[in-house]
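The following exercises are to be worked through with the sequence and the structure at hand. Each task is followed by a solution in steps.

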Amino acid sequence: MTESLPSGGFETETLDLPGWTHVYSGKVRDLYVPADEAITEKIGQDCVLVVASDRISAYDHVLSSEIPDKGRVLTQLSLWWFEQLEVEHHVLASTVEGGVPAEVDGRAMICKKLEMFPVECIARGYLTGSGLVEYKESGTVCEIPLPEGLVDGSRLDKALFTPSAKAEVGEHDVNITYDDVVAMVGDDIAARLSELTLKIYTRAEEIARERGIILADTKVEFGIDAATGVITLGDEVLTPDSSRFWDASTYAPGQSQPSYDKQYVRDWLTSAESGWDKSSDTPPPALPADVVERTRARYVEAYEKLTGRTFA
């Protein structure tokens, strides 16, 4: 959530929420600012309403199909994690009593406006994804040397801070080095971003492991709270959209691990059945009902296993 809310984004259907004005839509979330001074007075500071939709994206496209309850799962899981982490975060209210419109109850948060850093803060405890690609080419991840002989899914001796630079809408984020972060935000802030990211990952990895889930990596974002000057955790946190969760009971290094995210969607889109070429400019086709349902079930399973709560 930026001080001056970003332009661009995605064209989506937005809600008419009394007292709030829509200002931006990302791939999954819609942002609203107060249109009524009474809201700001009640909250006590400048704020933004973050509404998680049921939209799903893959390969830099927002799909025409939605995943029922996805917005509620992401919001409720983020709120649960914010309670577990001893880190300053941006949530001010998450209930109707606190000011959230009834129309988006359960999938929205009223949050502090933050001056966001232009860095995606990523912590990796396992080698996979883009990190594995770089490792196979050079034996490094974000130019950090790693031991020889690692395979897909190998657990690292210690978690790594492997940041990326935020890309323009529709483009891939680009992995960068720690020195690049220093050049962007300065020594002190770079050190603090690394420290906070690894603190969050370490604590979350312990909690997830106790529940039979491996947290392979996660992406978090931070900004400055203009009112206090404190570096503050923003956006979502430790959801299947921002993190790679694996089932500990089926974990086996040396192969691709099934994950609690949109894997069913990616697999179907790249299958012969979909008939879609991800390298083309053609929008992806609508998802079959069984892919939608299995994806929803995977999100709900992640929520229930992590929190110990039943999703209702």
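**Exercise 1.** Determine how many bridges join E1 to strand E2 and in which direction the two strands run.

*Solution.* Step 1: strand E2 covers residues 29-34, and five bridges join E1 to it. Helices (H or I, at least four residues) and strands (E, at least two) are DSSP runs, numbered from the N terminus; two strands pair if DSSP finds at least two bridges between them. Step 2: E1 and E2 run antiparallel. Step 3: tyrosine 24 stands opposite leucine 31 in E2.

The model is a predicted one, in which local features need pLDDT of at least 70 and side-chain atom pairs count only at pLDDT 80 or more, whereas totals for chains, interfaces and linings use all residues. Residues are numbered from 1 along each chain as its sequence is written, and side-chain values use heavy atoms, with hydrogens and water left out.

**Exercise 2.** Establish the strand order of the open sheet of five strands, its edges, and the helix that lies across E2.

*Solution.* Step 1: the order is E1-E2-E3-E7-E6, with antiparallel pairing. Step 2: strand E1 (20-25) and strand E6 (91-93) are the edge strands, each pairing on one side only. Step 3: on average, neighbouring strands of this sheet are turned by 40 degrees against each other, direction ignored. Axes are lines fitted to C-alpha atoms, for helices over the stretch in contact, and angles run from 0 to 180 degrees between N-to-C directions. Step 4: helix H2 (residues 70-84) lies across E2, strand E3 (47-52), E6 and strand E7 (108-112), and runs at about 45 degrees to E7. Contact means heavy atoms within 4.5 Å.

**Exercise 3.** Describe the hairpin that E4 and E5 form, and characterise tyrosine 59 in the turn.

*Solution.* Step 1: strand E4 (residues 55-58) and strand E5 (residues 61-66) run antiparallel and are joined by three bridges. Step 2: alanine 58 has histidine 61 in E5 as its bridge partner. Step 3: two residues lie between E4 and E5 in the hairpin. Step 4: tyrosine 59 has a positive phi of about 50 degrees although it is not a glycine. Step 5: tyrosine 59 counts as partly exposed, at 29% relative accessibility. Buried means under 20% relative accessible area, exposed over 50%, and partly exposed in between (1.4 Å probe, protein chains only).

**Exercise 4.** Is leucine 238 buried or exposed, and in which loop is it found?

*Solution.* Step 1: leucine 238 is found in the loop between strand E16 (231-234) and strand E17 (243-247). Step 2: leucine 238 has a positive phi of about 55 degrees, although it is not a glycine. Step 3: with a relative accessible area of 0%, leucine 238 is buried.

**Exercise 5.** Assign the buried residues of helix H4 (residues 178-185) and explain why they are on the same side of H4.

*Solution.* Step 1: Val181, Val182 and Val185 are the buried residues of H4. Step 2: they cover an arc of only 105 degrees around the axis, which puts them on the same side of H4; the arc is that of the directions from the helix axis to the C-beta atoms. Step 3: the buried residues of H4 pack against strand E9 (119-126) and helix H5 (187-210). Step 4: Asp179 and Ala183, on the other side of H4, are exposed. Aspartate 179 has a relative accessible area of 59%. Step 5: glycine 186, whose phi is positive, near 95 degrees, follows H4.
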